[in-house]
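Subject: Handover of a structural model

Dear colleague,

Please find below the structure that I am passing to you, followed by an account of what was found in it. I should be grateful if you would read the two side by side.

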Amino acid sequence: MKSTTRIHKRPAGITLTEVLIVITIIAILAAILFPVSRNAREKARSATCAQNLRQIGIGLIGYISENNGRFPNGSLDVSWLRDTDNNPLGLCWYDAAAQYMGRGNLSNRFNDPSADPLPDVFACPGGHRKAYHPAWPYTGDYAANMFLGNPGNPNNPRSLSAVKRPESTPYVQDTVKQNQFGQAIYGSGFSRTANAAFATRHNGRGNILWVDGHVSSLTYEEYMKFANDPKRGGAGNFIRGNW
C-alpha cells in the first residue's frame with residue numbers, strides 16, 4: 001500500500017502576527033529616534049539663533065562706533081518719537097542695528113508702508129521664524145535691554161564706556177514678550193520661576209547677546225541666579241553693568 005505525504009504550503013503574503021511584530025519594531029525605533037532627531041533639530045535652531053544674535057551685535061557695535069560710543073535708545077518706539085520742539089529722539093535698538101545690516105529705509109512713523117522690513121536675522125528659527133514688517137516693528141523673537149541708552153533714569157548707561165562689565169551685561173535675548181525685557185525680569189519682586197519674557201525655546205534654554213558681543217545659552221534659572229549673585233549688588237546693577 002502506497003503512503004501519501006501531504007505538503008502544507010504556506011499561504012502567500014504575511015500574517016497578522018508578522019504585521020504586529022513589524023509595527024512594534026517601528027514603534028520602538030520611533031520612540032528611540034524621534035527625541036534624538038528633535039534634539040538635533042533644536043540644537044541646529046539654537047546655533048542659528050546664536051549666529052543671528054552675533055550679527056545683531058555687530059550691527060549694534062557699528063551704530064555705537066559711529067555715534068561716539070553711545071548706545072541707541074533701548075525703548076521700542078523711539079524711532080518715531082519727537083520732543084516738544086519736534087526734534088527726533090533717536091533710533092530704537094533694532095532700527096539702529098538694522099542700519100548697519102543692509103537695511104535701507106527704516107520706520108520713521110508707526111505703520112510706515114514705505115519702510116523696509118527688518119533683516120531675517122531678527123527672527124529666531126525656534127520662534128516666529130520671520131522678522132516683523134514695519135507695520136508691527138517689534139522684533140518679536142528678540143528683546144533688547146531697555147536700560148541701555150534709555151535716558152529715562154540717570155542710572156542708565158548712555159554709552160559703552162559707562163558699562164563696567166560689558167562681558168556680563170545682557171543686551172539682546174530670546175524672548176516671547178518683546179517689551180518686557182527689563183520690567184518683567186528685573187522689576188521689583190521678580191522671582192526665579194519661569195517668566196514669559198525669557199524664551200526657553202532651545203531645549204529649555206535661551207540665547208543671550210552680551211554687550212561685548214559674545215553669545216551664551218542659559219536656562220532661566222541660571223540667568224536669574226547669575227543676575228542675583230550678591231557680588232553684582234542686585235539685578236539693577238547687573239542689568240546696567242554697574243557692578
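Helices and strands are taken here as DSSP runs, helices of type H or I with at least four residues and strands of type E with at least two, and they are numbered from the N terminus. In those terms, N203 is placed in the loop between α3 (181-186) and β3. Please bear in mind throughout that this is a predicted model.

Overall architecture

The protein contains 5 helices and 4 strands, and along the sequence these follow the pattern α-α-β-β-α-β-β-α-α. Of its 243 residues, 42% are buried. Among contacts with a separation of 6 or more, 60% are between residues 24 or more positions apart.

The nonpolar cores

The largest nonpolar core has 31 residues, and I56, W93, F122 and V172 have the most contacts inside it. At least two residues of this core come from each of α1, α2 (93-99), β1 (142-144) and β2 (170-174). The greatest contribution is that of α1, with 7 residues. Beyond residues up to four places away in sequence, I56 touches W93, A97, M101, V121, F122, Y142 and V172. There is also a second, separate core of 10 residues, which includes I208, W210, Y223 and M224.

Cavity and pocket

How many cavities of 30 Å³ or more does a search of the whole structure find? The search finds 1. The volume of the largest cavity is about 40 Å³, and its lining consists of G57, I61, I64, F71, Y171, L209, W210, V211 and G213. Two elements, α1 (16-66) and β3, give two or more residues to that lining, and α1 gives the most, with 3 residues. By class, the lining of the largest cavity has 7 nonpolar and 2 polar residues, and no charged ones.

The largest pocket holds about 170 Å³ of space. It is lined by 13 residues, of which F71, N73, L89, G149 and R158 are the closest to its centre. By class, the lining of the largest pocket divides into 7 nonpolar, 4 polar and 2 charged residues. F71 thus appears in the lining of the largest cavity and also in that of the largest pocket.

Strands β3 and β4 and the loop between them

H214 lies in the loop between β3 (206-210) and β4 (215-218). Is H214 buried, partly exposed or exposed? H214 is partly exposed, because its relative accessible area is 34%, and the partly exposed class runs between 20% and 50%. The side chain of H214 is joined to that of D212 by a polar contact of 2.6 Å. When neighbours within four places in sequence are left aside, H214 is in contact with E167, I208 and L209. H214 and P170 are 44 residues apart in sequence, and their C-alpha atoms are 9.9 Å apart in space.

S216 is found in strand β4. Its side chain makes a polar contact of 2.7 Å with the side chain of W210. Not counting residues up to four places away in sequence, S216 touches G206, N207, I208 and W210. W210 is also one of the residues that line the largest cavity, and it is included in the second core.

The loop between α3 and β3

F198 and N203 deserve a joint reading. F198 lies in the loop between α3 and β3, the element named above for N203. F198 counts as buried because its relative accessibility is 3%, and the cut-off for that class is under 20%. N203, by contrast, is partly exposed, with a relative accessible area of 43%. The C-alpha atoms of F198 and T219 are separated by 9.2 Å, with their positions 21 residues apart along the chain.

Backbone angles

Which phi value does N203 have? Phi of N203 is near 55°, a positive value in a residue other than glycine. N86, which is not a glycine either, has a positive phi of about 70°. N86 lies in the loop between α1 and α2.

With kind regards

Methods:
Residues numbered from 1 in each chain as written. Predicted model: local features only at pLDDT ≥ 70, side-chain atom pairs only at ≥ 80, totals over all residues. Heavy atoms only, no water. Buried < 20%, exposed > 50% of the residue type's maximum accessible area, 1.4 Å probe, protein only. Contact = heavy atoms within 4.5 Å. Polar contact = N/O pair within 3.5 Å; in protein donor to acceptor, adjacent residues only side chain to side chain. 1 Å grid on protein atoms, 1.4 Å probe; cavity = no way out; pocket = protein on both sides within 12 Å on 5 of 7 lines; lining within 4 Å. Points joined across faces, edges and corners; volume = space filled by probe spheres on them. Nonpolar A, V, L, I, M, F, W, Y, C, P; charged D, E, K, R; others polar. Core = buried A, V, L, I, M, F, W, Y, C linked by side-chain atoms within 4.5 Å.
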